[in-house]
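Hi,

Here is the structure I promised to pass on to you. Have a look at it first, then read my notes below.

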Amino acid sequence: MRNTFPSIDRNARTFILLALIWAMSFLFLQNVQAETPEDLLRKEKEVREQMQILSRQLGVTCASCHDTRNYKSSKKPLYPISLEHMKITQVLIDQGFDGKNGKPKADCYMCHRGKLSPDYKERIHPMTEIKKSNEKKPEDKEEFEP
Ligand code: HEC
Ligand code: HEC
């Protein structure tokens, strides 16, 4: 067999090999330790705090979006929409609505104002300035209440 380290004797090689195995197992253990129960609890707490803020900003409860027996489930219709809107919100933050240097920071409240269905269309026609209250189309459902 070809000797990779011809100048190192057999004992030294065995020692180096053992040292390497020891170092690698140490690294492996460190990785496992990175996720202590405390870390997981802290993450869980952070998620819950975020979720409470988001619920308040939309004026809904956890059960509006979640199957409360399985928070990972995406079965409720509002869940995938929320995921989309989380992405939109992140894009806004990345594009400058980041709360730095006196700028506003994008969040759900910025558009939703405490309502699940925000008033996102003007109450009047933007060009003619005619109130649209008596031309209710299905998509205009809860819009033009005075
Ligand atoms: C408007 C919809 C909405 C409301 C209200 C909401 N959530 Fe969520 N929640 C989500 C979405 C969407 C995700 C997934 C986020 C992701 O994957 O980045 C999520 C993720 C979570 C997770 C992590 C689940 C996992 O994958 O491990 C927990 C726990 C959770 N929510 C708890 C709550 C609690 C508790 C409340 C009430 C205080 C709540 N949520 C209110 C939409 C909502
Ligand atoms: C840039 C503005 C904007 C931001 C930011 C925003 N949303 Fe929305 N969202 C809307 C608009 C507008 C609608 C209504 C769309 C419609 O009625 O067709 C809506 C609708 C929704 C709906 C569906 C409501 C329904 O009745 O079906 C959910 C759920 C939702 N948003 C969740 C979120 C969450 C969670 C956040 C924060 C992470 C968020 N949105 C941030 C603009 C926004």
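Going from the N terminus, the elements of the protein chain run α-α-α-α-α. That makes five helices and zero strands. Keep in mind that this is a predicted model.

Next, how much of the protein chain counts as buried? Just 5% of its 146 residues do. As for contacts between residues with a separation of 6 or more, 26% of them join residues 24 or more positions apart.

Now for the ligands, starting with ligand 1. It has 18 residues around it, and M51, C62, C65, Y71 and S82 come nearest. Two or more residues of this shell come from each of helix 2 (37–58), helix 3 (62–65) and helix 4 (78–94). Which helix gives the largest share? That's helix 2, with seven residues. If you sort the shell around ligand 1 by type, you get eleven nonpolar residues, five polar and two charged.

On to ligand 2, which is also surrounded by 18 residues. Here the closest are S82, H85, C108, C111 and Y120. So you can find S82 on both lists of nearest residues. Helix 2, helix 4 and helix 5 (108–112) each put at least two residues into the shell around ligand 2, and helix 4 gives the most, with seven. By type, the shell around ligand 2 has 13 nonpolar residues, five polar and no charged.

When you open the model, try finding S82 and looking at the two ligands from there.

Cheers

Technical notes
Residues numbered from 1 in each chain as written. Chains lettered and ligands numbered in written order. Predicted model: local features only at pLDDT ≥ 70, side-chain atom pairs only at ≥ 80, totals over all residues. Near = placed C-beta within 6 Å. Helix = DSSP H or I, 4+ residues; strand = E, 2+ residues; numbered from the N terminus. Nonpolar A, V, L, I, M, F, W, Y, C, P; charged D, E, K, R; others polar. Buried ≥ 20, exposed ≤ 12 C-beta atoms within 10 Å, placed from the backbone. Contact = placed C-beta atoms within 7 Å.
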